[in-house]
Amino acid sequence: MGFISTARVKSPWIMHFETGSCNGCAIEVFAALTPVYDLERFGILNTGNPKHADIMLVTGCVSFRAGRVLRNLYHQMPGPKAVVAIGVCALTGGIFHDCYNLAPGVDKVIPVDVYVPGCAARPEAIIAGTVMALDRLAGKAGPPNIAPGEPRRGLEEGRVVEIAPGNSDK
Amino acid sequence: MIGRTIATYGISPLWVTLATVVAAPAIGGLLTGIDRKLTARLQNRVGPPIWQPFHDLVKLWSKERITVNQVQLLYVYAHLFLMIASLVGLMLGQDLLMIFFIFAFSSVSLILGGFSVRSPYSRIGSQREIMQLMAYEPVLVLMAIGIYLATGSFFVHEIITSGNPLLYSLPLVFAAYAVILVVKLRKSPFDLSTAVHHVHQEVVKGLLTEYSGPYLGLIELANWYELVFLLALGGLFWATSLWGALLAAAVLFLFQVVVDTVSARVTWAWMLKFVWTVGLGLAAINIVWLYM
């Protein structure tokens, strides 16, 4: 691994975005950040600011309204960047997947590198998923997953399109 | 100490400047790493390795360049180069008032950069940084006055060669300096404008919200120069011997680490009241005592 890749792998700053669900996975993300697990020993800092972050942790089912915020935050992160979707709601929509107001999964809105299943996902699983996402920062990972879907619900030809009709954050 | 070396052995100022510019980031980065490690140990954590800040810096410099506007970049470079200038001025034994002036302008550059964007987080952080500037600048000025009363000179190389350590005549000013060091390094309980290096957050990232990637790295580098500058300024209080100066700097360093760990954040009004009463009060009492 090169000099720069090493630095990137040793210093992943994370940002957590909760798209608005039961908060169970969000609590587990914060549990992973406590002194019990002490993520700072791997150089991981919770920045809370997309402009400083390298890895974005997304929890919760993505409503169209939260999806616009999510996409905005993703585009504010300077590259190279990685996205970890945490919990079944973020993976597929979970028990809410047929709701009229949801994009079924984070990968319908932004490219996702690692999926961490669970309801709620354990802190150990979240840490393992974050470590897997380091491959993206080291430049070793393949293309991120972008799920094809109905245009209204997500992406069209790999490009982010309008999530909800008639609304724009441009 | 280096000022005396120049006076005694006639080392070229160019070499001192070069040595300062090269060595200060290495020392500052390592001290920042030690700071993070000590903080972690005090919180019963393992903590990052002490060379972690260098990983952070390389990573930040390798990231994509995203800027909000061009003006902000000017202020980032101004912040860094004025910070280097104030440290080099101190190491060359120049005028203390001039050094404080350049140092203040370096801090103001970062604030102006924070104000040059429309983000409310950045602006609130900048306003709080102004509050911090207001809190510690009067104490710095009183410190310069106290040093002048004790030694009869504002020039660092004359202060160093003036005989007795300043600590004998200015113990209360040293205590006041320890207080404003915490404010200046943005450590708890005075990490209002932004909270660096730890998991703390304040209005997203306060002052630093809109700086990203390589430019955040430059600010990080300036922070290392700043840490070395502030500790060297603390070492000035016992500059008659090199070990004394290092001891004074080490005491200040450990003091701010412990205070950062044991305290929670206060509001800006509390900070102003505390620094203006305790900090200014200690410095003023010391100066009155010197004058009498």
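**Notebook: chains A and B**

I looked up Leu57(A) first and found that its bridge partner in β5(A) is Val84(A). I note here that the model is predicted.

**Entry: the sheet of chain A**

I then turned to the two strands around this pair. Strand β3 (residues 55-59) of chain A and strand β5 (residues 82-86) of chain A run parallel and are joined by five bridges. I followed the sheet outwards and recorded five strands of chain A in the order β2-β1-β3-β5-β7, forming an open sheet with parallel pairing. At its edges stand β2 (45-46) and β7 (114-116) of chain A; each has a single partner strand, so one side of each is left without a neighbour in the sheet.

I also checked what lies across these strands. Helix α2 (residues 24-33) of chain A lies across β1 (13-18), β2, β3 and β5 of chain A, and runs at about 140° to β3(A).

**Entry: chain B as a whole**

I counted 12 helices and zero strands in chain B. Its pattern along the sequence is accordingly written with α alone, from α-α-α onwards. For the overall dimensions, I noted that the C-alpha trace of chain B spans about 50 × 45 × 40 Å along its principal axes. I compared the radius of gyration of chain B, 19 Å, with the value near 19 Å that a compact globule of 292 residues would have, and the two agree. Of the 292 residues of chain B, I found 49% to be buried. I also looked at contacts in chain B between residues at least 6 apart in sequence: 74% of these join residues at least 24 apart.

**Entry: a helix pair in chain B**

I examined helix α5 (residues 96-115) of chain B and helix α6 (residues 120-151) of chain B, whose axes come within 9 Å and cross at roughly 175°. Because the angle is over 145 degrees, α5(B) is roughly antiparallel to α6(B). By class, I recorded 11 nonpolar, five polar and three charged residues in the contact of α5(B) with α6(B). Among them are Leu96(B), Phe100(B) and Ile111(B) in α5(B), and Ile130(B), Leu133(B) and Ile147(B) in α6(B).

**Entry: where the chains meet**

Lastly, I looked up the contact between the chains, in which 25 residues of chain B are in contact with 21 residues of chain A. On the side of chain B that touches chain A, α3 (52-61) and α10 (213-235) of chain B each supply at least two residues. I noted that α3(B) gives the most to this side, with five residues. By class, this side of chain B has eight nonpolar, 10 polar and seven charged residues.

Conventions: Residues are numbered from 1 along each chain as its sequence is written. Chains are lettered from A and ligands numbered from 1 in the order in which they are written. This is a predicted model: local features need pLDDT of at least 70, side-chain atom pairs count only at pLDDT 80 or more; totals for chains, interfaces and linings use all residues. Helices (H or I, at least four residues) and strands (E, at least two) are DSSP runs, numbered from the N terminus. The radius of gyration is taken over C-alpha atoms; the globule rule is 2.2 Å times the number of residues to the power 0.38. A residue is buried if 20 or more other C-beta atoms lie within 10 Å of its own, exposed if 12 or fewer, and partly exposed in between; C-beta atoms are placed from the backbone. Two residues are in contact if their C-beta atoms, placed from the backbone, lie within 7 Å. Axes are lines fitted to C-alpha atoms, for helices over the stretch in contact, and angles run from 0 to 180 degrees between N-to-C directions. Angles under 35 degrees count as roughly parallel, over 145 as roughly antiparallel, 65 to 115 as roughly perpendicular and the rest as oblique. Ala, Val, Leu, Ile, Met, Phe, Trp, Tyr, Cys and Pro count as nonpolar, Asp, Glu, Lys and Arg as charged, and the others, Gly among them, as polar. Two strands pair if DSSP finds at least two bridges between them.
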